[in-house]
Amino acid sequence: MNVNSYVRRCLPAVVGMLFANPALSFTVEQAAAGRAAFEQSCIACHGATLRQLPGALLAGPEFIAKWGERGGHELIATARATMPPDRPGALAEAEYLGLVAYILQFNGGTPNAEPLN
């Protein structure tokens, strides 16, 4: 089985597992704010597809495999501790929450009424 057929077959199930965790709920507003923050602070390195940095893929099966069973708090903490690389932790808490919401949405997550916190 080649990688593409594996991804097409397995990715929907893995995405479902990732977003079955209620700790990864987020709102439409958070994702929209996160997209704006991403375009301002992150797109130059991570690219529009969130897959520009091979060692820091933020979308696709590699991202899902790495973060699918972890809690949202861990993803937020990692973003805060490492990004932006020249000044980790420099963004406001709401910006980190929005960025993670945008990344979750980009990976197939569906916003709802419960904010990411």
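Which helices each supply at least two residues of the lining of the largest pocket? In this predicted model, they are α3 (43-46), α4 (61-67), α5 (72-82) and α6 (93-106). The space in this pocket comes to about 530 Å³. Its lining is made up of 26 residues, and those closest to the pocket centre are H46, A56, L58, T82 and M83. By residue class, the lining holds 19 nonpolar residues, five polar ones and two charged ones.

The overall fold can be described as follows. The secondary structure consists of six helices, with zero strands, and the pattern along the sequence reads α-α-α-α-α-α. The chain has 117 residues, of which 37% are buried.

The nonpolar interior was examined next. In soluble globular proteins, nonpolar side chains tend to be buried together. Here the largest nonpolar core contains 25 residues, and the members that touch the most others are F38, L50 and L116. Two or more residues of this core come from each of α2 (28-41), α4, α5 and α6. The greatest contribution is that of α6, which gives eight residues. Three of the helices named for the core, α4, α5 and α6, are thus also named for the lining of the largest pocket.

Helix α6 was then considered in more detail. With 14 residues at 1.5 Å a residue, α6 should span 20 Å, a value that agrees with the 20 Å between its end C-alpha atoms. The expected span is taken as 1.5 Å times one less than the number of residues. Buried positions in α6 are Y96, L97, G98, L99, V100, A101, Y102, I103 and L104. One of these, I103, has its backbone oxygen 2.8 Å from a polar atom of the side chain of N107.

The residues that come after α6 complete the description. N107 belongs to the segment after this helix. Is N107 buried or exposed? Its relative accessibility is 9%, and a residue counts as buried under 20%, so N107 is buried. The side chain of N107 therefore combines a buried setting with a polar atom placed 2.8 Å from the backbone oxygen of I103. G108 also follows α6, and the phi of G108 is positive, near 105°.

Taken together, α6 appears in each part of this account: α6 supplies at least two residues of the pocket lining, gives the most residues to the largest nonpolar core, and is followed by G108 with its positive phi.

How values were computed:
Residues are numbered from 1 along each chain as its sequence is written. This is a predicted model: local features need pLDDT of at least 70, side-chain atom pairs count only at pLDDT 80 or more; totals for chains, interfaces and linings use all residues. Side-chain values use heavy atoms; hydrogens and water are left out. On a 1 Å grid over the protein atoms alone, a cavity is a set of points where a 1.4 Å probe fits but cannot get out, and a pocket is an open set with protein on both sides within 12 Å along at least five of seven lines; lining residues have an atom within 4 Å of a point. Grid points are joined across faces, edges and corners, and a volume is the space filled by probe spheres set on the points. Helices (H or I, at least four residues) and strands (E, at least two) are DSSP runs, numbered from the N terminus. Ala, Val, Leu, Ile, Met, Phe, Trp, Tyr, Cys and Pro count as nonpolar, Asp, Glu, Lys and Arg as charged, and the others, Gly among them, as polar. Buried means under 20% relative accessible area, exposed over 50%, partly exposed in between (1.4 Å probe, protein chains only). A polar contact is a pair of N or O atoms within 3.5 Å; within protein, one must be able to donate a hydrogen and the other to accept it, and residues adjacent in sequence count only if both atoms are side-chain atoms. A nonpolar core is a set of buried Ala, Val, Leu, Ile, Met, Phe, Trp, Tyr and Cys residues joined through side-chain atoms within 4.5 Å.
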